[in-house]
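Subject: Structure handover

Hello,

The structure we spoke about is placed below, with its sequence. My notes on what was found in it follow.

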Amino acid sequence: MSIQTNLERIEDRVCAACEQAGRSRDDVKLVAVSKRKPAEAVIEAAEAGQILFGENRVQEAQIKIPICPQNLHWHLIGHLQSNKAKLAAGLFRMIHSVDSEKLMRALDEHSATPLPILIQVNVSGEGSKSGCSPEEVAGLIEVANNCSQVEVHGLMTIPPFTPDPEKARTHFSNLRKLRDELQETTGTPLPELSMGMSNDFEIAIAEGATFVRIGTDIFGVR
């Protein structure tokens, strides 16, 4: 099945999920996750109309981005080490995976222009997952609000994988509730929630996702 066909099917599912949740389709942005896929696959998706792509590794993106169409928007969705902040700041329009003050300050230092970020939160407490604890987020928002280039736009999470997507609902709901509480207590607008992947994005949309990160259902298994 072609990438174009896959994108059309995803679009239908996103529209249906938005309608069921009583949300506008414009509220949800599709991030096509192209990690470990060749530039040719990205180009095929771009020719089908996809503009926003997500990469997990800076080194891979550094090779891929220059040979893809220059009108594409690239977001980093994978774990980022602070020693790669300079490269990341020059490659990506948004970083979804900021989880420490050290990384935030490194990005701020190396960003030549305003850089939107999302704070990655480990809402499940799963030891193998990256992300700060819910209790740490307010402090990171305060750090971001005192940075010159970094701008915190919202939160991101990756729940534990489960074959039953309904089991992810609690994690998505908890992230949304945390966002709502932090907007009130910090006075900082946090419009974006990056949550939901191929197996559970409809549940994420129902719980307020504004970015869904879809890889397998667009590009196939890795």
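I start with a contact between a charge and a ring. The charged end of Lys29 lies over the ring of Phe211, at 4.6 Å from the ring centre. Please keep in mind throughout that this is a predicted model, and that the values below are computed from it.

Aromatic pair

The search for paired aromatic rings gives a count of one. The partners are Phe53 and Trp74, with 5.5 Å between the centres and 35 degrees between the planes, which makes the pair tilted. Phe53 belongs to strand 2 (residues 52-55) and Trp74 to strand 3 (residues 73-76), so the contact ties together parts of the chain that are 21 residues apart in sequence. Both partners are covered: Phe53 has a relative accessibility of 0% and counts as buried, and Trp74 is buried with a relative accessible area of 3%.

Strands 2 to 4

The two strands that carry this pair are also joined by backbone bridges. Strand 2 and strand 3 run parallel and share four bridges. One of the bridge pairs links Leu52 to His73 in strand 3. Between these strands the chain passes through helix 3 (residues 58-64), and the β-α-β crossover is right-handed.

Strand 3 pairs in turn with strand 4, again in the parallel sense, over two bridges. Here Leu76 has Ile95 of strand 4 as its bridge partner. The connection runs by way of helix 4 (residues 85-91), and strand 3, helix 4 and strand 4 form a right-handed β-α-β unit.

Strand 5 and its neighbours

Strand 4 (residues 94-98) is parallel to strand 5, with two bridges between them. Val98 is bridged to Ile119 in strand 5. Helix 5 (residues 101-110) completes a right-handed β-α-β unit with strand 4 and strand 5.

Strand 5 also pairs with strand 6 (residues 150-156), in the parallel sense and over six bridges. Ile117 has Val152 in strand 6 as its bridge partner.

How is strand 5 (residues 115-120) placed, covered or not? Six of its six residues are buried. In a regular strand, side chains alternate between the two faces of the sheet. In strand 5, Leu115, Ile117 and Ile119 point one way, while Pro116, Leu118 and Gln120 point the other way, and all of them are buried. Ile119 and Ile117, named above for their bridges to Val98 and Val152, thus sit in the group that points one way.

Cysteines

How many disulfides does a search of the whole structure find? The count is zero. For Cys132, the closest cysteine sulfur is that of Cys147, and the distance of 14 Å is too far for a bond. The cut-off for a disulfide is 2.5 Å between the sulfur atoms. Seen from the other side, Cys147 is in no disulfide either, and its nearest cysteine sulfur is that of Cys132. Both residues are covered: Cys132 is buried, with a relative accessible area of 2%, and Cys147 counts as buried at 13% relative accessibility.

That is what I have to hand over.

Regards

Definitions and conventions: Residues are numbered from 1 along each chain as its sequence is written. This is a predicted model: local features need pLDDT of at least 70, side-chain atom pairs count only at pLDDT 80 or more; totals for chains, interfaces and linings use all residues. Side-chain values use heavy atoms; hydrogens and water are left out. Rings of Phe, Tyr and Trp (its six-membered ring) pair if their centres lie within 6.5 Å; planes under 30 degrees apart count as stacked, over 60 as edge-to-face and the rest as tilted. Buried means under 20% relative accessible area, exposed over 50%, partly exposed in between (1.4 Å probe, protein chains only). A charge sits over a ring if NZ of Lys or CZ of Arg is within 6 Å of the ring centre and within 35 degrees of the ring normal. Two strands pair if DSSP finds at least two bridges between them. A crossover is right-handed if, with the strands pointing away from the viewer, the path from the first strand over the helix to the second runs clockwise.
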